[in-house]
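Here are my notes for your reading of the model. Please keep the sequence and the 3D view open while you go through the points.

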Amino acid sequence: MCGIFGITDNKDAARLAYIGLFTLQHRGQESAGMVSDDGTALRHYNAMGLVNEVFTGEVLEGLKGRGVIGHIRYSTTGSSHIKNAQPLVLDSCLGQVAVAHNGNLTNADRLKESLQKRGAIFQSTSDSEVILHLAARYRGRTLEDTLARNLPKLAGSYSFLFMAPGKVIGARDPHGYRPLVLGKLGKSYILASETCAIDVAGGKTIREIEPGEMVVISGGKATFRRFAPAKRLTRCIFEQVYFARPDAVVAGRTVQSARYEIGALLARELKHIKADLVSGVPDSGTVYALGYSEESWIPYQSIFMRNHYTGRSFIQPDQQLREFTAHLKLAPVKDLIKGKSIVLVDDSLVRGTTSREIVKSLRSAGARKIVMAIASPPIISPCYFGIDTPNREELIANRLGVDKIRKFIGADELHYLSLESLVKACGSGRDENFCASCFTGRYNR
Ligand code: AMP
């Protein structure tokens, strides 16, 4: 997962890109970068850290120009290292070209090997660099022709922003796994991973970039072209389950309202359960629990104090750090918990680290009964399209059945939502297709 944001034709481009990236910070916390275009040359600045740490006033000053593309990284392919921070900039026979990528290219290794055999020298270990080397080798008349010729060689998921002097190009893979939306702010165009970044920057969303579509923004105009026929749309359902910000609009409705409905559907599936209170694992579990509470008539209580300064525990790159951050992050409000039977809702259970820590702390606060209710199905299969679950063995539902998982996390009961209910709420009744391979083990080609 990563977040991307680009803006054209604006005297405050770097400042607005800062706002956009800051709004997308939940999509990645390892590194941040921007490339600016002053019409003749690109300048760039990447560093490890959060947006507000990386971009000081002085750094923003240096990013001169009326166009900027930016990126925040959450490493999936390639290690957590500054040389993999994006945007990447390459000086080649194409001139200066920058790329910011959200997604995961499943044939990157093969392509890279064959490019290296023909002399390409890679600067990073990230999969995203492949497209620039392909582009440098198989050129068309313009950058957009070059990309249109080379993007179909990529497999996997991608939403890309490219920049060359005088031009910003956005492209989305033919399945539309990862999001990319287009917006407008006065005469400026904005491309972003989520609509909320356009909103906070003060713009208006126009529409999603379609699967297999490219938008070329140059000379104040946006032109659209297809570089591949759209395959069946299979947007990643995990965007709604966990990743996207609640105020982002995905598939025609805000993520918040989809999550509320998912919570209600979960309550409907678990209507036999009685409890004193329902609560959510903050922050992402909270809205599901509110939906659950309304549907079940079980009162909602906020039983955890969330420390907001720890960041997202899952995004920490190793297990020890993850456990410690989960513990630091959530503290129980003891007198609301003591002697109570509790339905605790979380969006997903991946390795079981969070649930186990939380159940432990509820027990030590004196909970009488703990029913863990997960607002998505068991994750049985790794994601090859950009969500950070690359190792099958790490997925607890791949190794253990529901009862053994329940024992592992220490809850009295454990329930998951059906895929049918999840799809129903995320599609808001429309004919939306999703990639749910993490829940089904079935992958699109
Ligand atoms: P785990 O602790 O490994 O079971 O992971 C589940 C918790 O991490 C839940 O509280 C989710 O909110 C969150 N989560 C689930 N999937 C992801 C992901 N791919 N990246 C970051 N956080 C996640």
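The numbered points below go through cysteines, one histidine, the ligand site, backbone features and two helices.

1. Status of the model. This is a predicted model. Please keep that in mind for each value that follows.

2. Cysteines. The structure has 0 disulfides. For C2, the nearest cysteine sulfur belongs to C383 and is 12 Å away. A disulfide needs two cysteine sulfur atoms within 2.5 Å, so C2 is in none. C438 is in no disulfide either, and its nearest cysteine sulfur, again that of C383, is 6.5 Å away. Both residues are covered by protein: C2 is buried, with a relative accessible area of 5%, and C438 is buried as well, with a value of 11%.

3. The setting of H101. Is H101 buried or exposed? Its relative accessible area is 2%, and because buried means under 20%, H101 counts as buried. The residue sits in strand β6, which runs over residues 95–105. Leaving out residues up to four places away in sequence, H101 touches several others, among them C2, I4, H71 and Q86. The contacts of H101 also include D127, S128, S157, Y158, S159 and F160. With S128 there is a polar contact as well: the side chains of H101 and S128 are joined at 2.8 Å. C2, already met in point 2 as a buried cysteine, is thus one of the residues that H101 touches.

4. Residues around the ligand. Which residues come nearest to the ligand? Of the 16 residues around the ligand, they are D346, D347, R351, G352 and T354. By class, the shell has 8 nonpolar, 5 polar and 3 charged residues. Two helices, α8 (238–243) and α13 (353–364), each supply at least two residues of this shell. The element that gives the most is α8, with 3 residues.

5. Atoms close to the ligand's oxygens. An N or O atom in the side chain of D347 is 2.5 Å from an oxygen atom of the ligand. For G352 the partner is a backbone N or O atom, which lies 2.7 Å from a ligand oxygen. In S284, an N or O atom of the side chain is 3.3 Å from an oxygen atom of the ligand. How much of the ligand does the protein bury? Taken alone, the ligand exposes 490 Å², and the protein buries 96% of that.

6. Cis peptide bonds. Please look at the bond that joins Q86 and P87: this peptide bond is cis, with omega about 0 degrees. P87 is in the loop between β4 (67–73) and β5 (88–92). Q86 has appeared before, as one of the residues that H101 touches. A cis peptide bond also joins P282 and D283, where omega is about -10 degrees. D283 lies in the loop between β17 (277–280) and α10 (286–296).

7. Positive phi angles. D9 is not a glycine, yet its phi is positive, at about 50 degrees. The residue belongs to the loop between β1 (2–7) and α1 (13–23). With 28% relative accessibility, D9 counts as partly exposed. A251, also not a glycine, has a positive phi of about 50 degrees. Its place is the loop between β15 (249–250) and β16 (253–254). Unlike D9, which is partly exposed, A251 is buried, with a relative accessible area of 1%.

8. Helix α1. How many residues of α1 are buried? The helix is mostly covered, since 8 of its 11 residues are buried. They are A13, A14, L16, A17, Y18, G20, L21 and T23. The loop that holds D9 lies between β1 and this helix.

9. Helix α10. The buried residues here are V287, Y288, A289, G291, Y292 and S293. What covers them includes α8, α9 (255–269), β17 and β20 (341–346). Among these, α8 is also the element that gives the most to the shell around the ligand. Just after α10, W297 takes a positive phi of about 65 degrees. The loop between β17 and α10 holds D283, whose peptide bond with P282 is cis.

Technical notes: Residues are numbered from 1 along each chain as its sequence is written. This is a predicted model: local features need pLDDT of at least 70, side-chain atom pairs count only at pLDDT 80 or more; totals for chains, interfaces and linings use all residues. Side-chain values use heavy atoms; hydrogens and water are left out. Buried means under 20% relative accessible area, exposed over 50%, partly exposed in between (1.4 Å probe, protein chains only). Helices (H or I, at least four residues) and strands (E, at least two) are DSSP runs, numbered from the N terminus. A polar contact is a pair of N or O atoms within 3.5 Å; within protein, one must be able to donate a hydrogen and the other to accept it, and residues adjacent in sequence count only if both atoms are side-chain atoms. Contact means heavy atoms within 4.5 Å. A residue is near a molecule or strand if one of its heavy atoms lies within 4 Å of it. Accessible areas come from the Shrake-Rupley method with a 1.4 Å probe; for residues, only the protein chains shown count as cover. Ala, Val, Leu, Ile, Met, Phe, Trp, Tyr, Cys and Pro count as nonpolar, Asp, Glu, Lys and Arg as charged, and the others, Gly among them, as polar.
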